[in-house]
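Student: I should like to learn how to read the features of a structure that is new to me. May we begin with the terms and then look at the case itself?

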Amino acid sequence: MSESVGRVLGTEDATPLSFWVGVGPESYAQLDDVLTTERQVPGIGTVRISGVVTAVRSRHEGAQFDSDVFDIAGGLLPAQVQEAAEVTVTRVEPEVFVPPRPGAEVQRASGEDRDRALYFDGMSRQVPLGFSRDGQPVFLNPDFLDGTRGAHVSISGISGVATKTSFATWLLYSLLHSGALGAEAANTKALIFNVKGEDLLLLDHDNTKIDDSIRDTYRRLGMEPGAFKSVEVLAPPREGDANGVPDVACRSTGVDAFYWTLSEFCQLSLLPFVFADGDDDRQQYTMVVHQVAARLRKEARPKDNGAVALDGRLLTSYRDLVDLICERLADDETRTEWAGSAIGLGTVNAFIRRLIASGRDIGRLIRGDLPPRGLALASDAQVTVVDLHNLPDRAQRFVVGVVLRTEFERKEKAGSARPLQFVVLDELNKYAPREGTSPIKDILLDIAERGRSLGVILIGAQQTASEVERRIASNSAIRVVGRLDAAEATRPEYGFLTQAQRMRVLMAKPGTMFVAQPELPVPLVVNFPFPAWATRPAEAGSAPATARPGRSISATARVDPFDLAGDDEDDIPF
Amino acid sequence: MQITVDAWDPSFADNPESPSSKNQAIVEPSVELDPADWRPIDAPANGPRRIVVVDGVRRVDARVELIDDGERWPGVCVSWAAGAVACDLDGRNSAVTEAAVERGLFAAVDPGADFGRYPHREVESADPAELIGAAQAAMAELEAKVASMVAMDAELSVLDGPLRGRTRLPNSVGYIKSHQRAYLPKQLNVVVERLKPGQRTPVFHLTSGWPRYTWYLRLPGTSSRGWAGVARIEAATDLSEEAAIALADATAASLPPLGSAAHKDARAPQNLTPIAGLERRLKRMLGDPRLLLRSVRAASLETGGPS
């Protein structure tokens, strides 16, 4: 039996889209509660109108002046405290858009009524998102996530308290472990770019900070708490290290270095990604960039260990390559060949200046002294974390651009959307800004517009959705908002939030997200559970038992090299 | 029988001046103090904490004319309500405990048909002022009924208006806001003018039509000169003199804090805050006058109308 909350108000207009409920003296309604009411329509029968509480208020009835409150509280003036709740309608069944009648009884929806009001009943598969304020689970329709009917997620919120990356990883965990994808979950891959700190490098470590109550929330949502099962971390090589040891402090196993050989750099025309800044594109020298890239592709001959031979010289490092290009461009005789004709000297010099500057940032990623390691994501791990956090800005753009292009081309060639490839990328406003163009923005736009059919799903996060390319945001079927700052919350990009929710996002706590999905006219407020995987070294439990054998998984060895293997007597003689 | 509804706004028919007979007022001032000793009296420190305030409101909803065999009879459709507020000053809580609404058609002849929500009430006279007076009496009757339901457990019951006919309730006083007549002789009236806020005159006995104890009390307000903010309070004549004086002290202690503020109430400070709240509530209970007028018009058409 549903619990009665009150009756539809007659002093405020009741419409088929929203109405006010006078809350009865013995009950209450809080924000996000799901309420339902019925009315009889001649010739049609019972129409059930359900919705979500989007505003609540209480007032003294009978008071005329503000100061009356003291008389009322002092026992001098009779008045009645009356609460009212605004309900934004989510569902009308059958679809006869009639307003509820004032005076009609309003009940709190539970069980099947609640599922119907929130369209959970129509979801053949459900991805748990967390709990709403009333403690009931909230689900997402994976049809809008896996490309069946829509794809891509856009997560907005200010840094630090909005927990954007936590929500992105939680969404992945829920998707992979809730059974919503069925058997396909095993082959589904995720690519996560780690931009800040070493937060995401411990996804496969259990979180020691979680207790039984948190574990219980995972079980109530239908999944086992735990860390991601299969994770590989890719980190850039250490600066100045000849062996390409990955630059990671917090873990020693399951880490691999990523880099590109000089021959790959030339053959795959990666040079434009060195100039992936928004303002690089507005300059004249883009012409030169493409000329030089074409030249490298044509002339470079691959040698051992990724080195290349160019114009009879063996180049074994990015700096060698930069020096050679600069030399050729400085020389009057070869300049036309390399930079193209009718290019001003100033333009060439501008290119040279930037190319030399890039040597410091990108030098450690382009190697001529290490064996080629094939595609960046050749691994069979389910989740690949690409660590960018200690790379300078230009190098971050280079890695993101190259990795995304490689992945997109791989999926394009595969010709099948399945298995799905998820891409989690933070700071989308940097990679796909609203103004200007860049090679990365082109790829991200491609993913946003064609990725749904190719099975590349973007989970993008940004501090300000207003600064991200409109077409990327508008192609996202699922929009998630955490805490926003006041100026940002008033922008039209957040028009899907209700008026009251725009106020609420200003004080959303970490772990609270507003999730808009296409089927529901109102975003749902979700509290997602604390991560069951470590998000910082202090929380990390033991490493997963199987540090996958075979590949060069461990760069910084788990075993102490100074520990003389099991030999107590043969000690260092001093 | 033919009934027509006057197109005029019915509030024009409402004349709050009920007909009053100019009886000779007999004042016996030496109940509490000898007239020579009359002076303002300060309130005691402590007064009753559980106070019940009873009030009624009345509204003329429609003026009708009943035409029977060429003879015209005036009638008024009136709604009235009465209620009581129980103020618990210690519990800091006040609530409308009892409220009732009644309606009636006051006319000398019975329309002989069901007239909307207004049952017929026989009035001897055909004078419109007498009809209003009858409605006023019906309201007083309802007030008395409400008061008798709630006054039993109160330390002080304040009934709005003269106490006439409601003298049997315990600890009850009548509360008169305005003064059409000065009852006291001239030299004692000076004492009323000298009252400071919260002070009262000594209790005196007054017979003007009917006997009762009475005294004046000045409520705190914007101005304390002349008769501004002065209310007259009545107590039943069958009380002992001591009981009447005790009641006077109780009102002097408890009523001044209930006085309303000038910017909130046109009748401040005499219109007590609980009464103002109660009146608003009661007026709301009377219903929407336009809606009621429409129902009266509809009923008048059903009961004949112009043929």
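Tutor: Two residues are in contact if their C-beta atoms, placed from the backbone, lie within 7 Å. Helices (H or I, at least four residues) and strands (E, at least two) are DSSP runs, numbered from the N terminus. The model is predicted: local features need pLDDT of at least 70, side-chain atom pairs count only at pLDDT 80 or more, and totals for chains, interfaces and linings use all residues. Residues are numbered from 1 along each chain as its sequence is written, while chains are lettered from A and ligands numbered from 1 in the order in which they are written.

Student: What covers the buried residues of α1(B)?

Tutor: A residue is buried if 20 or more other C-beta atoms lie within 10 Å of its own, exposed if 12 or fewer, and partly exposed in between. The buried residues of α1(B) include B:L131, B:I132, B:E143 and B:V146. Their cover includes β3 (50-68), β4 (71-88), β5 (93-107), β6 (120-122), β7 (156-160) and β8 (172-176) of chain B.

Student: How many Å should helix α1 of chain B span?

Tutor: The expected span of a helix is 1.5 Å times one less than its number of residues. Helix α1 (residues 128-150) of chain B has 23 residues and should therefore span 33 Å; its end C-alpha atoms are 34 Å apart, which agrees.

Student: How is chain A built?

Tutor: Chain A has 15 helices and 23 strands, and 48% of its 574 residues count as buried. Its C-alpha atoms fill a box of roughly 95 × 75 × 50 Å along the principal axes. Domain bounds come from an automatic or database domain assignment, which for chain A gives domain 1 (3-118), domain 2 (127-258 + 376-539) and domain 3 (284-367). The contact between domains takes 9 residues from domain 2 of chain A and 6 residues from domain 3 of chain A. The centres of these two domains, taken over C-alpha atoms, are separated by 36 Å.

Student: Where does the largest nonpolar core lie?

Tutor: In soluble globular proteins, nonpolar side chains tend to be buried together. A nonpolar core is a set of buried Ala, Val, Leu, Ile, Met, Phe, Trp, Tyr and Cys residues joined through C-beta atoms within 7 Å. The largest here has 135 residues, and those with the most contacts inside it are A:V385, A:V399, A:V423 and A:V515. Domain 2 and domain 3 of chain A both give residues to this core, so it lies between them. Another core, of 85 residues, lies apart from it, with B:L131 and B:L247 among its members.

Student: Which strands stand at the edges of the sheet β14-β15-β16?

Tutor: Two strands pair if DSSP finds at least two bridges between them. This open sheet of 3 strands in chain A has antiparallel pairing. β14 (301-302) and β16 (313-315) of chain A stand at the edges, each with a single partner strand, so one side of each is left without a neighbour in the sheet. β14(A) pairs with β15 (residues 308-310) over 2 bridges, and A:R301 has A:A309 as its bridge partner in β15(A).

Student: Why does A:S474 count as partly exposed?

Tutor: A:S474 is found in helix α13 (residues 470-474) of chain A. It counts as partly exposed because it has 13 C-beta neighbours inside 10 Å.

Student: How many residues of each chain meet?

Tutor: 11 residues of chain A are in contact with 18 residues of chain B.
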